[in-house]
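Could you walk me through this structure in plain words? I'm new to it and would like to know what to look at, step by step.

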Amino acid sequence: PELRLDPNDPRWVLPPTLDSLGATQWYRDLPLERRIEIGKWRMANTIKVGAAFESILIRGMMQYIMKLPNQSPEFRYSLHEMTEECNHIQMFQELVNRIGMDVPGAKLGYRLISPVVPLVSTTFPTIFFFGILGGEEPIDHLQKDFLRMRSDLHPAMAAVMQLHVAEEARHISFAHEYLRKRVPHLSRGKRFLLSMFVPVMM
């Protein structure tokens, strides 16, 4: 019962300390019902965008592991990570459905390039793994802030964030370790490409 989502729950109001829109005077001057509605929409859309990012990650990693040699320990771990990411998408979509806001998720430009981005994983896997960190690190930081600073966070949202933070810690650690081992052995040309792409992604 405590996970039930009440459409009029004031816990959906955006916090001024953690959300730039929630910090605006315009938002704070709105009636409570409108602030709840906007807060629900914003949280649901953010979750939907997260699901779209996980989808790109899964497709890229699937491309990547198909080129790995037999006996590669990366194959097993990467497949395990993709399984967890599939579970995250299910979890995110279930929460969006329960919140009840018909949100679009990622913007059109993001959706248009999403089929192309995974192809980078086979041509430039180091750029792809930097891209993974560029997407996962900020989301991880934001979720930890919400869990730390919002004692009134809705239990359903808190449960999703706690599980996601715990599992993403492994994925982030794997990407860091992958890059720490691989980047020093790249050719000068590939390191130059990294120096151009990574600042843009991060």
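**A walk through the helices**

Follow the chain from start to end and the pattern you meet is α-α-α-α-α-α-α-α. Put as a tally, that is eight helices and zero strands. Here, helices (H or I, at least four residues) and strands (E, at least two) are DSSP runs, numbered from the N terminus.

Before going further, a word on what you're looking at. This is a predicted model, where local features need pLDDT of at least 70 and side-chain atom pairs count only at pLDDT 80 or more, while totals for chains, interfaces and linings use all residues. Residues are numbered from 1 along each chain as its sequence is written, and side-chain values use heavy atoms, with hydrogens and water left out.

Now for the overall dimensions. Taken along the principal axes, the C-alpha atoms fill a box of roughly 60 × 35 × 30 Å. The protein has 202 residues, and 43% of them count as buried. "Buried" means under 20% relative accessible area, "exposed" means over 50%, and "partly exposed" is in between (1.4 Å probe, protein chains only).

Let's look for empty space next. Rolling a probe the size of a water molecule over the atoms shows where such space is left. The largest pocket holds about 970 Å³. Its lining is made of 38 residues, and V49, G50, F53, G135 and I139 are the closest to its centre. Which elements give two or more residues to that lining? They are α2 (32-65), α4 (108-113), α6 (125-149) and α7 (155-182). Helix α6 gives the most, with 13 residues. Sorted by class, the lining has 24 nonpolar, eight polar and six charged residues.

Those words have set meanings. A pocket is an open set of points on a 1 Å grid over the protein atoms alone, where a 1.4 Å probe fits, with protein on both sides within 12 Å along at least five of seven lines; lining residues have an atom within 4 Å of a point. Grid points are joined across faces, edges and corners, and the volume is the space filled by probe spheres set on the points. As for the classes, Ala, Val, Leu, Ile, Met, Phe, Trp, Tyr, Cys and Pro count as nonpolar, Asp, Glu, Lys and Arg as charged, and the others, Gly among them, as polar.

Helix α6 is worth another look, this time for its charged pairs. The side chains of D140 and K144 meet in a salt bridge, 2.9 Å from N to O. A salt bridge is a side-chain nitrogen of Lys or Arg within 4 Å of a carboxyl oxygen of Asp or Glu. D140 and K144 are separated by about one helical turn because they sit four residues apart in α6. D140 counts as buried at 8% relative accessibility, whereas K144 is partly exposed at 36%.

Further along α6, D145 and R148 form a salt bridge too, at 2.7 Å from N to O. D145 and R148 are three residues apart in α6, so about one helical turn separates them. Is each partner buried or exposed? D145 is buried, with a relative accessible area of 16%, while R148 counts as exposed at 60%.

Helix α7 has a pair of its own. E177 and R180 lie three residues apart there, about one turn of the helix, and their side chains meet in a salt bridge of 2.7 Å, N to O. Salt bridges that share partners join E177, R180 and K181 into one network. E177 is partly exposed at 32%, and R180 is exposed at 55%. In total, the structure holds eleven salt bridges.

Finally, turn to the surface. M62, M66, F75 and L79 form a nonpolar patch there, with about 350 Å² of accessible area together. Patches are made of residues with over 30% relative accessible area and no salt bridge; like charges are joined within 9 Å, and nonpolar side chains (Val, Leu, Ile, Met, Phe, Trp, Tyr) within 5 Å. Accessible areas come from the Shrake-Rupley method with a 1.4 Å probe, and for residues only the protein chains shown count as cover.

Within this patch, F75 is found in helix α3 (residues 73-99) and is partly exposed at 31% relative accessibility. M66 is in the loop between α2 and α3 and is exposed, at 56%. M66 and T122 are 56 residues apart in sequence, and 8.9 Å apart in space, C-alpha to C-alpha. Q71 lies in the loop between α2 and α3 as well. Its phi is near 70 degrees, a positive value in a residue other than glycine, and Q71 counts as exposed at 78%.
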